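Work through these exercises with the model open beside you. Try each task before reading its solution.

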Amino acid sequence: MNRVAGKVAVVTGGALGIGRATCLLLAKEGATVAVTDLLDKEGRDLVKEIVEKGGQAAYWHLNVTQEANVKQVISEVREKWGKIDILVNNAGLAGVNKPTHEIEENEWNALMAVNVNGVFLCTKYAVISMLETGGGSIINISSVYGLIGAPDLPPYHASKGAVRLMSKTDALLYAKNNIRVNSVHPGYIWTPLVENLLAEQGDVTEGRKKLDRAHPLGHVGEPDDVAYGILYLASDESKFVTGSELVIDGGYTAG
Ligand SMILES: NC(=O)c1ccc[n+]([C@@H]2O[C@H](COP(=O)([O-])OP(=O)(O)OC[C@H]3O[C@@H](n4cnc5c(N)ncnc54)[C@H](O)[C@@H]3O)[C@@H](O)[C@H]2O)c1
């Protein structure tokens, strides 16, 4: 019940999928959670659910691509709760699924704005706060697509590879400041992102079966499978862990 008791967490893209599961679990384990997203209704409903279950949370509208918005939300969370111990850089898009030579520059940039610039901007302002309050843990959600290639989603691969190395650089830069930075690499997890991706490609049920078969454990993951890894990295149980890559993929990359 108390694995992150007394800590303040900011979760980006917290309204759906992996972010939502993470907000629920961090709150259940004692953290005070800033649920942030573009989806205000879903975000506010989630806060209500957390509070009804006895947890502590509040909602902020946050577009991770907008520096002024990021700066303002981080400073408001800090003002409300005194510190930020945990940042989960979770907001992300799958982006266009076309071969590289067919991608428009604006399509490439739109994906990078969220998946890469968003991680940079949220890290920047969270670190400024963590440097003042004595440290923290930053968890960047990359992907198995940040570890190995596949013949699809070129901008997504590039973005998740970038997030992997941004995590290692920041881990080294801020180790002396007691700020840990790690990346998480999920295989396919059943969330609106994956469901929408399959819907764009055709039959969702058939697509899911194909994805299930791609994971040696025989099925895609659930948001909680990733949330438990994030909880570990957020907690003091991982106090000697920084610059690491936590792979949660049902064996997808083991071969
Ligand atoms: N689902 C998977 O299979 C899978 C696998 C590996 C990695 N991931 C990564 O995990 C993270 C969460 O994915 P998910 O599957 O839960 O996605 P999702 O689409 O279900 O949820 C993503 C959330 O991010 C929010 N978001 C989108 N753009 C935003 C912006 N500009 N600012 C703030 N919030 C924004 C959305 O509103 C949504 O609530 C992403 O970074 C994704 O790349 C997912």
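**Exercise 1. Find the backbone atom that the side chain of Ser-137 reaches, then place the residue.**

Solution. The side chain of Ser-137 reaches the backbone oxygen of Leu-233, at 2.8 Å. That is a polar contact (a pair of N or O atoms within 3.5 Å; within protein, one must be able to donate a hydrogen and the other to accept it, and residues adjacent in sequence count only if both atoms are side-chain atoms). This is a predicted model: local features need pLDDT of at least 70, side-chain atom pairs count only at pLDDT 80 or more, and totals for chains, interfaces and linings use all residues. Residues are numbered from 1 along each chain as its sequence is written, and side-chain values use heavy atoms, with hydrogens and water left out.

Next, the location. Ser-137 sits in strand β5, residues 136-141. Strands (E, at least two residues) and helices (H or I, at least four) are DSSP runs, numbered from the N terminus.

Then the accessibility. Ser-137 counts as buried because its relative accessibility is 2%. Buried means under 20% relative accessible area, exposed over 50%, partly exposed in between (1.4 Å probe, protein chains only).

Last, the neighbours. Leaving out residues up to four places away in sequence, Ser-137 touches Asp-85, Ile-86, Leu-87, Met-130, Arg-180, Leu-233 and Ala-234. Contact means heavy atoms within 4.5 Å.

**Exercise 2. Give the strand order of the sheet and name its edge strands.**

Solution. Read across the open sheet: β3-β2-β1-β4-β5-β6-β7, 7 strands with parallel pairing. The edges are β3 (56-61) and β7 (245-248), each pairing on one side only. Two strands pair if DSSP finds at least two bridges between them.

Now take one pair. β1 (residues 8-11) and β4 (residues 86-89) run parallel over 3 bridges. Ala-9 stands opposite Ile-86 in β4.

**Exercise 3. Where is Ser-235, and is it buried or exposed?**

Solution. Ser-235 lies in the loop between α8 (223-234) and β7. It counts as buried, because its relative accessibility is 0%. Its side chain reaches the backbone nitrogen of Glu-237 at 3.1 Å. Beyond four places in sequence, Ser-235 touches Arg-3, Val-4, Lys-7 and Arg-180. Arg-180 also appears among the contacts of Ser-137.

**Exercise 4. Which residues make the contact between α6 and α7?**

Solution. From α6 (residues 192-201) and α7 (residues 204-214), pick out these. α6 gives Val-194, Glu-195, Leu-198 and Ala-199; α7 gives Val-204, Gly-207, Arg-208 and Leu-211.

Terms used:
Axes are lines fitted to C-alpha atoms, for helices over the stretch in contact, and angles run from 0 to 180 degrees between N-to-C directions.
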